[in-house]
Amino acid sequence: MPRLLTNPYLLLTLTALFWSGNMVLGRGIRADVPPMALAFWRWAIAFLLVLPLALPHLKSQWQLLKQGWRPVLVLGLLGVGGYNTFAYLALQTTTATNAVLLNSFIPVATIAISWAFLGKRLTPLAATGVVISLIGAMTIVARGDLDVLLHLALNSGDLWMLGAVAIWAIYTVGLAWRPAGVHPMLMLAAFTTVGLAALFPAYLWEIAEGRTINVHLGSLASLAYVGIFPSFVGYIFYNRGVAEVGANKASLFIHLMPVFGTLLSVVFLGEIPHAYHYAGIALIFVGIWLTMKKG
């Protein structure tokens with residue numbers, strides 16, 4: 001990995017950028033690519049990319065992987081088979097705004113689970129940072145209007161997204177139990193194998209229901225993007241970031257997704273940022289800075 005990409009905070013920032021694009025695409029191509037197909041082919045592409053990098057480590061580290069099969073099974077089901085599938089199902093019936101807003105509660109859920117099961121607590125300064133960054137994320141998603149939050153109506157898609165939030169928080173905390181000494185590429189390949197095994201029957205059921213991919217350049221390009229960046233590169237970066245800074249700090253970078261969503265809208269859609277965008281972005285960065293401060 002190039003020296004610049006050894007900084008865990010840069011890795012987590014890039015992950016948030018890749019995942020922001022994933023949310024936008026998941027909503028944008030929902031009519032052309034059904035949710036199970038999107039989840040399955042996303043990870044099938046990622047598996048093809050990671051396999052050549054994982055195989056050289058398989059023989060020497062097979063016993064380590066075999067001894068830690070339980071956390072590998074659980075983490076693969078949660079991180080690969082669960083979170084993205086739930087999120088894509090959510091985006092069928094809820095807006096991208098609702099999805100991103102609910103996704104912003106991942107750091108809070110992660111911290112709560114870390115406290116309940118691992119006894120890990122934040123310093124008062126770090127806790128303040130979490131609250132400030134959450135307010136910043138909600139400011140952007142609600143477009144600076146408190147009335148949007150007060151009149152937010154939840155539907156079935158929002159419930160799927162809440163399930164995705166819980167799954168990702170458990171996955172992030174659960175990374176502490178992944179088998180030690182296993183190469184990151186082999187670990188990702190193992191997670192992906194478990195996830196694909198879980199997704200395949202659901203994908204076949206979706207096809208049997210008559211829901212298939214509308215194949216064209218846009219849908220194929222979207223599948224290539226979600227397979228390469230949010231899945232293959234993003235998961236490597238996120239897992240490395242969690243290992244370096246811990247689950248609580250790493251999960252906080254989820255709050256950058258509304259920031260990148262705003263920037264992507266400016267670049268690709270020509271949208272003009274408003275005052276609430278700047279206010280929300282400033283609050284998010286202040287919150288992250290406070291959380292990263294020592295003492």
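Leu73 sits in helix 3, the stretch covering residues 69-93, in what is a predicted model. With a relative accessible area of 35%, Leu73 comes out as partly exposed, because that label covers values between 20% and 50%. Leu73 also has company at the surface: together with Trp69, Val74 and Leu77, Leu73 makes up a nonpolar patch of about 350 Å². To count towards such a patch, a residue needs over 30% relative accessible area, and Leu73, at 35%, therefore clears that bar.

As for helix 3 itself, its 25 residues take the helix 36 Å from the first C-alpha to the last. That is close to the expected span, also 36 Å, at 1.5 Å a residue. Helix 3 does not run straight throughout, though: at Gly82 there is a bend of about 35 degrees.

Turning to charged pairs, the structure has just one salt bridge. The partners are Arg240 and Glu244, with 3.3 Å between their closest N and O atoms. That distance falls inside the 4 Å limit, so the pair qualifies as a salt bridge. Side chains of opposite charge can pair when their charged atoms come close.

Both partners belong to helix 10 (residues 217-245), where Arg240 and Glu244 are four residues apart, or about one turn of the helix. An α-helix has 3.6 residues a turn, so positions three or four places apart point the same way. Neither end of the salt bridge is buried: Glu244 is partly exposed at 47% relative accessibility, and Arg240 is partly exposed too, with a relative accessible area of 30%.

Notes
Residues are numbered from 1 along each chain as its sequence is written. This is a predicted model: local features need pLDDT of at least 70, side-chain atom pairs count only at pLDDT 80 or more; totals for chains, interfaces and linings use all residues. Side-chain values use heavy atoms; hydrogens and water are left out. A salt bridge is a side-chain nitrogen of Lys or Arg within 4 Å of a carboxyl oxygen of Asp or Glu. Helices (H or I, at least four residues) and strands (E, at least two) are DSSP runs, numbered from the N terminus. Buried means under 20% relative accessible area, exposed over 50%, partly exposed in between (1.4 Å probe, protein chains only). Patches are made of residues with over 30% relative accessible area and no salt bridge: like charges are joined within 9 Å, nonpolar side chains (Val, Leu, Ile, Met, Phe, Trp, Tyr) within 5 Å. Accessible areas come from the Shrake-Rupley method with a 1.4 Å probe; for residues, only the protein chains shown count as cover. The expected span of a helix is 1.5 Å times one less than its number of residues. The bend at a residue is the angle between axes fitted to the seven residues ending there and the seven starting there.
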